[in-house]
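User: I have a model open and want to go through how its helices and strands pack. Can you take my questions one by one?
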Amino acid sequence: MSGGLRVEERERFVLATLDRPEKRNAIDQELIDALHRLCARLEVERRTLVITGSGGTFAAGADIAQLRERRATDALAGINTRCFQRIRALPMPVIAVLDGYALGGGAELAYAADIRIGTPSLKIGNPETGLGIIAAAGATWRLKEIVGEALASEVLLAGRVLGADEALAAGLVSDVLEPEAALARAAELADRIAALDPAATQATKRALLAPASAHPEIDLAEQAVLFESPEKHRRMTAFLERKATR
Ligand code: COA
């Protein structure tokens, strides 16, 4: 536990829990620093990350007490934005388990994950304009990509907060399960990911994150590397030999 982030080792993934329940897991500078430390580690160790929050909340946003004191230079430094970009770019998949409130910066952290699983109490949205600021840590581009411009505009411009069913219908979460089952589903996904070729998984994530203009060249370049890999040959041979012995 450091900086409000509890990090636990699991066999197939790392579980990180935002753990400032008395402040509804509001994301302050210490938490951002702890997330950067975790990223530095996962960039080297290349493990799947499951991120969640404690006390029945994912995160009620950036810490408003700190936010109030921030000035133009802090905005330009992109304190949360850079951290969430780094999480988004982690080599292996990031799975967010969203219980309760995921608001403001908490929602933007969730948008930075590759896969999101909600619980029935999920309330996700971006109330930033009500505080006199914009959602500058990913919502204006990622939410639009995930749910489309119409719904993203309602969330961002009219402060609409989505419940679990609405988030599921919009494709913002891929499933809604009770908290324990949601964590179990995340673990199940991490197990499934661990059985796949990590090089292919990482290449797929790089291609998924690339801008439209990078396709299809990036896909071809990634595939060219994988076509030369012994692991590809081994996996395909195993499949063909298994079929031959049927
Ligand atoms: N930043 C700083 N502190 C926060 C916070 C945030 N984003 N969200 C909650 N807290 C603090 C509260 O100030 C309170 O602290 P206190 O006990 O020292 O007074 C504590 O967390 C509990 O919050 P409270 O509002 O009493 O809990 P609740 O369960 O009644 O309501 C929320 C939960 C999430 C609806 C409510 O806390 C809220 O609206 N938070 C702000 C959401 C927001 O605007 N986020 C966008 C930020 S960019």
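User: How are α6 and α7 oriented to each other?
Analyst: They are oblique to each other, a class for angles that are not under 35 degrees (roughly parallel), over 145 (roughly antiparallel) or 65 to 115 (roughly perpendicular). The axes of α6 (residues 139-147) and α7 (residues 149-158) cross at roughly 140° and come within 7 Å. Axes here are lines fitted to C-alpha atoms, for helices over the stretch in contact, with angles from 0 to 180 degrees between N-to-C directions.

User: Which hand is the crossing of α6 and α7?
Analyst: Right-handed. That is, the near helix is turned clockwise from the far one by less than a right angle; anticlockwise would be left-handed.

User: Which residues make that contact?
Analyst: From α6, Ala139, Thr140, Leu143, Lys144 and Val147; from α7, Glu149, Leu151, Ala152, Val155 and Leu156. Contact means heavy atoms within 4.5 Å. By class there are 7 nonpolar, 1 polar and 2 charged residues. Nonpolar covers Ala, Val, Leu, Ile, Met, Phe, Trp, Tyr, Cys and Pro; charged covers Asp, Glu, Lys and Arg; the others, Gly among them, are polar.

User: Quick check on where this comes from and how it is numbered?
Analyst: This is a predicted model, where local features need pLDDT of at least 70, side-chain atom pairs count only at pLDDT 80 or more, and totals for chains, interfaces and linings use all residues. Residues are numbered from 1 along each chain as its sequence is written, and side-chain values use heavy atoms, with hydrogens and water left out.

User: How many helices and strands does the protein have?
Analyst: There are 12 helices and 9 strands. They are DSSP runs numbered from the N terminus: helices are H or I with at least four residues, strands are E with at least two. The radius of gyration is 19 Å, close to the 18 Å that the globule rule gives for 246 residues, so the protein is as compact as a globular protein of that length. That radius is taken over C-alpha atoms, and the rule is 2.2 Å times the number of residues to the power 0.38.

User: Now the sheet. What is the strand order?
Analyst: β1-β2-β3-β4-β6-β9, an open sheet of 6 strands with mixed pairing. Strands pair if DSSP finds at least two bridges between them. At the edges sit β1 (5-9) and β9 (175-176), each paired on one side only.

User: In which sense do β6 and β9 pair?
Analyst: Parallel, over 2 bridges. Gly118 has Val176 of β9 as a bridge partner. Gly118 of β6 is also the bridge partner of Leu98. β4 and β6 are parallel too, with 4 bridges.

User: Which strands does α9 touch?
Analyst: α9 (residues 179-194) packs on the sheet against β2, β3, β4, β6 and β9, and its direction makes about 170° with that of β4.

User: Back to helix pairs. How do α1 and α4 pack?
Analyst: Their axes come within 10 Å and cross at roughly 25°. That makes α1 roughly parallel to α4. The crossing is left-handed. Residues in the contact include Ile32, Leu35 and Cys39 of α1, and Cys83, Phe84 and Ile87 of α4. The class split is 8 nonpolar, 3 polar and 3 charged.

User: And what angle do α10 and α11 pack at?
Analyst: About 170°, with axes 10 Å apart. They are therefore roughly antiparallel to each other. Among the contact residues are Ala203 and Arg206 of α10, plus Asp219 and Leu226 of α11. That contact has 6 nonpolar, no polar and 3 charged residues.
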